Amino acid sequence: MSCCTPVSVEIPAGPRSAGKIRTIALVGPPNSGKSTLFNRLTGLRQKVANYPGVTVEQRIGKLSGIGRSDLILIDLPGIYSLNSYSEDARVAVDVLKGMMPGTPSPDAVLLVLDSMHLSRQLMLAGPVLALGLPTLILLNMTDVMEARNGEVDSLALAQELRAPVAKISATRGTGMDAISIFVARKTEQIHRPLELPIMGNAASYRQWATGVSTRTKYKAPLSSETTRRLDRVLLHRAWGPLIFLAVVVTLFQAVFTLGQPLSDGFQALLDNAGMRVGALLPAGWIQSLLIDGVWKGVSAILVFLPQILLLFLFIGVLEDSGYLARAALIADRVMRAIGLNGKAFIPLLSAYACAVPAIMSTRTIENKRDRFATILVTPFMTCSARIPIYLLIIAAFIPNRPVLGAFLGMRAAVMLGLYLLGFVAALATARLLKSSILKASSAPFILELPQYRLPTLRSLGLRLLDRAKVFVKQAGTVILAVTLVLWLLSHIPTHGGMFPQLADSWIGKLGQWIEPVIRPLGFNWKIGIGLLTSVLAREVIVGTLGTLYGGDPATGNMTLQAAIRHDLQLGGAIALVVYFALAMQCTSTLAVVKRETNSWKWPAVQFVYMTVLAYVAALATNQIITRFF
Amino acid sequence: MNQAIPPTPVGMIRLMALSKLGIGEEAVVSRLDLPEDVQYHLMHMGFVPEARVTALRRAPAGDPTVYAIDGLEIALRRDTADAIRIRQVGDARPVPKS
């Protein structure tokens with residue numbers, strides 16, 4: 001789960017046949033519904049959320065959603081204009097002008113405009129039409145606009161812009177036939193360049209757009225009364241922050257009260273399956289490899305799937321409904337005190353899932369120093385790869401006692417504490433960076449608050465399916481490979497055809513060799529091996545421990561939870577989760593930091609800083625707990 | 001409405017900072033005293049001269065403030081709103097329809 005799902009599309013080679021459309025670019029302002037339309041047209045599942053700036057890179061798919069898988073669709077980041085103001089706008093302009101290496105130059109454009117705010121969105125239509133590519137203008141969300149007493153004369157708009165115009169709803173899938181007809185035509189049939197007035201600055205685009213919307217009888221819809229009414233409560237001086245806190249606490253409590261029984265049931269199912277398969281295999285090294293090695297390792301991590309999905313279901317509802325932007329508004333005061341751009345809040349918040357897409361989404365931050373500071377602190381946010389080890393240690397060592405009555409249990413409180421630890425580390429580091437090497441004047445905070453929307457089951461379902469796929473894939477590849485290697489290393493050298501004791505195996509020797517370094521933290525050598533393997537990705541440690549404890553006769557018959565409780569002291573256990581909260585253990589993140597900062601210096605600094613901090617904090621944790629508890 | 005804005009002497013337009021606009025009050029954007037790139041971004045969000053802007057509500061901590069402009073709700077910190085100059089709705093210059 002250390003990375004978003006990559007999508008590979010083969011780009012057809014060969015000469016272009018003149019006049020035929022082969023590559024289409026999808027263009028539109030932020031939050032205009034482009035990504036939803038892209039998913040519908042291609043059948044791909046791109047993340048869609050109700051806040052601006054979700055797409056930060058171009059994405060490529062085939063138009064298979066309307067039965068034209070011979071055509072390529074490129075989804076571009078949302079842009080307000082073609083004058084590149086931030087990194088994501090620059091990407092869009094490069095692709096449109098055919099200057100993006102590796103991306104085919106588009107022959108046609110689908111321009112998506114949110115009909116709820118048409119007069120302002122039209123400001124983008126001028127420069128896009130001026131590119132001279134055949135363009136179909138899609139007025140998105142016309143159903144909602146018309147339901148709220150808005151109207152527009154789409155025929156007059158088509159005449160005004162000299163380009164075809166279609167009313168669509170990307171969410172409901174209406175109007176897709178207009179796209180099919182458009183892409184089937186020859187380019188010269190639809191290519192009628194627009195004579196634009198000489199323009200250059202925002203004010204003149206604005207004037208032109210206002211003129212067009214007046215002449216096409218555009219009437220903006222009434223703003224949703226529901227949004228205002230909800231904001232009156234959710235952004236209330238006293239209720240706002242209280243509701244924000246209640247939402248966060250409920251989120252974590254639910255992971256334990258609802259998720260734990262699901263996880264336990266799933267574990268019983270997996271154990272049962274392992275036993276049944278094991279009984280079919282002849283006793284010997286194959287059974288040992290498959291059951292004690294691979295199955296114990298892989299199932300140790302799979303059991304956390306229900307809890308992770310539950311967490312993402314709740315977070316998905318918050319994102320899709322539009323509450324996240326309000327959370328950013330409530331948190332802005334804190335962010336400013338630290339010296340971070342308010343916009344940094346959204347990358348930081350999306351890093352609870354995975355730091356990789358979060359780091360890419362920092363491209364919406366215009367100020368370079370602000371952006372680097374955000375990239376450097378993002379991996380401190382508690383990503384979902386940390387959840388398995390947190391849940392394992394908490395379930396093994398923390399009693400399930402109520403803290404605030406039935407509202408907050410001790411386990412949820414510890415989990416919340418670990419999330420806070422990561423957040424505080426991120427803020428403190430940002431403060432440090434901003435007052436030293438990345439000093440900059442504070443960039444402005446400009447945040448669009450979207451209307452509240454009811455999350456759709458389809459969008460939530462796709463999101464969960466995506467998470468589950470990434471998680472299972474990681475268990476089936478990286479973790480599978482690591483457990484295989486571990487099993488092998490823990491069974492050599494053989495003595496006269498007999499497997500060695502775990503402590504005498506190669507892996508045991510390696511563990512004992514590094515043990516002096518980690519003993520002050522309260523870790524034993526098995527944990528040490530876990531720390532080494534989890535440099536690949538954090539969740540690998542649970543698979544590693546599953547294999548190591550499963551292969552040890554002393555603990556082989558216990559559940560992983562019981563085995564860890566048997567082998568670690570409270571101090572070492574808490575030190576372990578503190579270490580995981582702070583350490584940089586993710587090769588995918590290091591790679592994306594290198595790509596985004598264009599230098600090895602920043603990922604190297606980040607790795608050393610986070611590892612040293614994690615070591616010192618874990619050391620302090622173990623020493624304090626051992627001495628005082 | 002607009003009691004917070006003192007009456008304008010004849011023949012003179014009195015400008016004030018957007019940050020001084022009271023909640024629920026409406027005004028007209030007059031000028032943006034900001035670096036060009038920021039100005040550009042704001043203009044695309046609707047903050048153009050002659051646009052009508054209403055202060056909707058303040059964030060729980062008192063800052064940023066949410067403004068309604070051109071059918072959108074945009075939150076700005078006080079230091080940004082300080083640099084946006086506004087004038088009273090009825091004042092001087094004809095306001096184009098928008």
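**Note on a predicted two-chain model**

1. **Chain A overall.** Chain A has 27 helices and nine strands. The model is predicted, so a pLDDT of at least 70 is required for local features. Of the 629 residues of chain A, 48% count as buried. Contacts in chain A between residues at least 6 apart in sequence are mostly long in range: 74% of them join residues at least 24 apart.

2. **The sheet of chain A.** An open sheet in chain A is built from six strands, ordered β2-β3-β1-β4-β5-β6. Its pairing is mixed. The edges are taken by β2 (59–63) and β6 (165–167) of chain A. Each has a single partner strand, so one side of each is left without a neighbour in the sheet. Direction ignored, neighbouring strands of this sheet are turned by 25 degrees against each other on average.

3. **One edge pair, and a helix on the sheet.** At the β2(A) edge, five bridges join the strand to β3 (residues 68–75) of chain A. The two run antiparallel. Within this pair, Gly61(A) stands opposite Leu73(A) in β3(A). Helix α3(A) packs on the sheet and touches β1 (23–27), β4 (108–114) and β5 (135–140) of chain A. The direction of α3(A) makes about 165 degrees with that of β4(A).

4. **A sheet shared by both chains.** Which strand order does the open sheet of seven strands have? The order is β9(A)-β5(B)-β4(B)-β3(B)-β2(B)-β6(B)-β1(B), and the pairing is antiparallel. At the edges stand β9 (446–448) of chain A and β1 (16–17) of chain B. Each of these has a single partner strand, so one side of each is left without a neighbour in the sheet.

5. **The two ends of that sheet.** At one end, β9(A) pairs with β5 (residues 72–76) of chain B over three bridges, in the antiparallel sense. Here Ile446(A) stands opposite Leu76(B) in β5(B). At the other end, β1(B) pairs with β6 (residues 84–87) of chain B over two bridges, again antiparallel. Ala17(B) stands opposite Arg85(B) in β6(B).

6. **The contact between the chains.** Chain A gives 34 residues to the contact, and chain B gives 29. On the side of chain A, the elements that give two or more residues are α3 (118–129), α8 (202–215), α10 (239–257), α14 (323–338) and β9. The largest share, five residues, comes from α8(A). By type, the residues on the side of chain A divide into 16 nonpolar, 10 polar and eight charged. Two of the contributing elements have already appeared: α3(A) packs on the sheet of chain A, and β9(A) pairs with β5(B).

7. **A covered helix.** Is α18 (residues 387–397) of chain A mostly covered or mostly open? It is mostly covered, with nine of its 11 residues buried. Among the buried residues are Ile387(A), Pro388(A), Tyr390(A), Leu391(A) and Phe397(A). The cover includes α12 (285–302), α13 (305–321), α19 (410–434), α23 (540–551), α24 (560–567) and α25 (570–582) of chain A.

8. **Two of the covering helices pack on each other.** Helices α19(A) and α25(A) pack at an angle of about 40 degrees, with their axes 9 Å apart. That angle makes α19(A) oblique to α25(A). Their crossing is right-handed. Leu418(A), Leu421(A), Gly422(A) and Ala425(A) in α19(A) meet Val577(A), Val578(A), Ala581(A) and Leu582(A) in α25(A). The residues of this contact divide into seven nonpolar, one polar and no charged.

9. **A second helix pair.** Helices α26 (residues 587–597) and α27 (residues 601–628) of chain A pack at about 140 degrees, their axes 8 Å apart. They are therefore oblique to each other; only angles over 145 degrees count as roughly antiparallel. From α26(A), Leu590(A), Val593(A), Lys594(A) and Thr597(A) meet Trp602(A), Pro603(A), Gln606(A) and Phe607(A) in α27(A). This contact divides into five nonpolar residues, two polar and one charged.

10. **One residue of α27(A).** Val616(A) is found in α27(A). How does Val616(A) count, with 13 C-beta neighbours inside 10 Å? It counts as partly exposed, because a residue is exposed at 12 or fewer and buried at 20 or more. The C-alpha atoms of Val616(A) and Tyr579(A) are separated by 8.7 Å, though the two residues are 37 apart along the chain.

Note on methods. Residues are numbered from 1 along each chain as its sequence is written. Chains are lettered from A and ligands numbered from 1 in the order in which they are written. This is a predicted model: local features need pLDDT of at least 70, side-chain atom pairs count only at pLDDT 80 or more; totals for chains, interfaces and linings use all residues. Two strands pair if DSSP finds at least two bridges between them. Helices (H or I, at least four residues) and strands (E, at least two) are DSSP runs, numbered from the N terminus. Two residues are in contact if their C-beta atoms, placed from the backbone, lie within 7 Å. Ala, Val, Leu, Ile, Met, Phe, Trp, Tyr, Cys and Pro count as nonpolar, Asp, Glu, Lys and Arg as charged, and the others, Gly among them, as polar. Axes are lines fitted to C-alpha atoms, for helices over the stretch in contact, and angles run from 0 to 180 degrees between N-to-C directions. Angles under 35 degrees count as roughly parallel, over 145 as roughly antiparallel, 65 to 115 as roughly perpendicular and the rest as oblique. A crossing is left-handed if the near helix is turned anticlockwise from the far one by less than a right angle, and right-handed if clockwise.
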